[in-house]
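Me: Could you take a close look at one part of this model for me, the salt bridges, and then walk outward to the helices around them? I'd enjoy one connected account.

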Amino acid sequence: MSLDGKVAIVTGAARGLGLAYARELARRGAAVVVNDVDAEATADAVTGIQASGGRAVAVVAPVGPTETAKKLVSTAVEHFGRLDILVTNAGVLRDTVLWKMSDDDFDTVVNVHLRGTFTTVREAVQHMRQAGEGGRIICVGSPTGQRGTFGQTNYAAAKAGIVGMVRTWALELKRAGITANTVVPVAATAMTATVPYFAAAVRAEANGEPMPAFFRHDLGFGTADDVAGLVAFLGSDAAASVTGQVIGVGGDRLQIWTHPEAAVTAHREGGWTYDALVEAWPTTFADAEQSVGERFPKLPEEFAPATS
């Protein structure tokens, strides 16, 4: 199944993962509205897609405001006649530990990631429901939103919030034939390029060399193009029954994340008093406590970053 005749919006699509998504959607036949705040990079992205035989148009604007969401949808309809797929990828980082994080650090990240996803999806869904032909909502999450990362209070909150919204939208939109899913990518990007642990993988990609199997297989870490296939699949008719899912992808690995479930359940007549918890916690609940943060395997020596 191809995406011929489909129309997609991809936010944050001038470079990196977003650009890979836009290119793959166009390669599969979809017309693409390319959104970003960098006018020059956005124009280059559109030109590149067109040069490869695809159809694309640019919208240079920051996500978050409802005005941007309206402009994205109206551009899709005015230029290509319809809207079938929305990929919410735009994002920013303002990393710092909790006690140093300013209101602006928090608000900026939440506004772009969480509010930007909300306003754009709301506008797209209003059009899709009125058109009555179904649709595909694909929101980009992060391992940070699933497990937490040191120094990313704002980003973790936004990405976890996106997952919560997507699960709700899957319920609300089912009757209209609109699916909603979250993609959790793990790939070499400008962000991961600064992490010493990934240095060998990022260096290999930059040099046009195959990424080592340790990263692709064991770690599930690959290129932006490794993620793009999943995005195109979720935008297609082949994925009409897939909704409400959180799907991780990177390198050679694909994962479906579980929805939160109770790790242990215990009952006590009369309820759980302080004294009862003091007594029971070590034997009944402690073993079920959940780990936090990403757990990476030890790097093989040949990939260890050089130390001075």
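Reply: D84 is buried, because its relative accessibility is 5%. In this predicted model, its side chain meets that of R82 in a salt bridge, 2.7 Å from N to O. R82 itself counts as partly exposed, because its relative accessibility is 27%. So here a buried acid is paired with a partly exposed base. As a general point, side chains of opposite charge can pair when their charged atoms come close.

That pair belongs to a total of nine salt bridges. Another of them joins K6 and D237, whose closest N and O atoms are 3.2 Å apart. This pair links distant parts of the chain, with the two positions 231 residues apart in sequence. K6 sits in the segment before β1 (7-10), while D237 lies in the loop between α9 (224-234) and β7 (246-250). Here the base is the buried partner: K6 has a relative accessibility of 17% and so counts as buried. D237, at 42%, counts as partly exposed.

R15 and D38 are worth a look too, as their side chains meet in a salt bridge at 3.1 Å, N to O. They also connect distant parts of the chain, 23 residues apart. R15 is in the loop between β1 and α1 (16-27), and D38 is in the loop between β2 (31-36) and α2 (39-51). R15 counts as partly exposed at 47% relative accessibility, and D38 counts as partly exposed at 28%.

From R15 you can step along to α1. A network of salt bridges links E24, R27 and R28, and E24 is among the buried residues of α1. The other buried positions in this helix are L17, G18, L19, A20, Y21, A22, L25 and A26. Because nine of its twelve residues are buried, α1 is largely enclosed by the rest of the structure. What about its length? At 1.5 Å a residue, the twelve residues should span 16 Å, and the end C-alpha atoms are 17 Å apart, which agrees. After the helix comes G29, with a positive phi near 115°.

Next, have a look at P62, in the loop between β3 (55-60) and α3 (66-80). P62 is partly exposed, because its relative accessible area is 47%. Setting aside neighbours within four places in sequence, P62 contacts V37 and T68. G116 is 54 residues from P62 in sequence, yet the C-alpha atoms of the two are 8.4 Å apart in space.

The loop holding P62 runs up to α3, which brings us to helix packing. Two packed helices are described by the angle between their axes and the distance between the axes. For α3 and α4 (residues 103-131), the angle is about 40° and the axes are 8 Å apart. The two helices are therefore oblique to each other, and their crossing is right-handed. On the α3 side, the residues that meet α4 are T66, A69, K70, L72, V73 and V77. Their counterparts in α4 are R115, T119, T120, R122, E123, A124 and H127.

Definitions and conventions
Residues numbered from 1 in each chain as written. Predicted model: local features only at pLDDT ≥ 70, side-chain atom pairs only at ≥ 80, totals over all residues. Heavy atoms only, no water. Helix = DSSP H or I, 4+ residues; strand = E, 2+ residues; numbered from the N terminus. Buried < 20%, exposed > 50% of the residue type's maximum accessible area, 1.4 Å probe, protein only. Contact = heavy atoms within 4.5 Å. Salt bridge = Lys/Arg side-chain N within 4 Å of Asp/Glu carboxyl O. Expected span 1.5 Å × (residues − 1). Axes fitted to C-alpha atoms, helices over the stretch in contact; angles between N-to-C directions. Parallel < 35°, antiparallel > 145°, perpendicular 65-115°, else oblique. Left-handed = near helix turned anticlockwise from the far one by under 90°.
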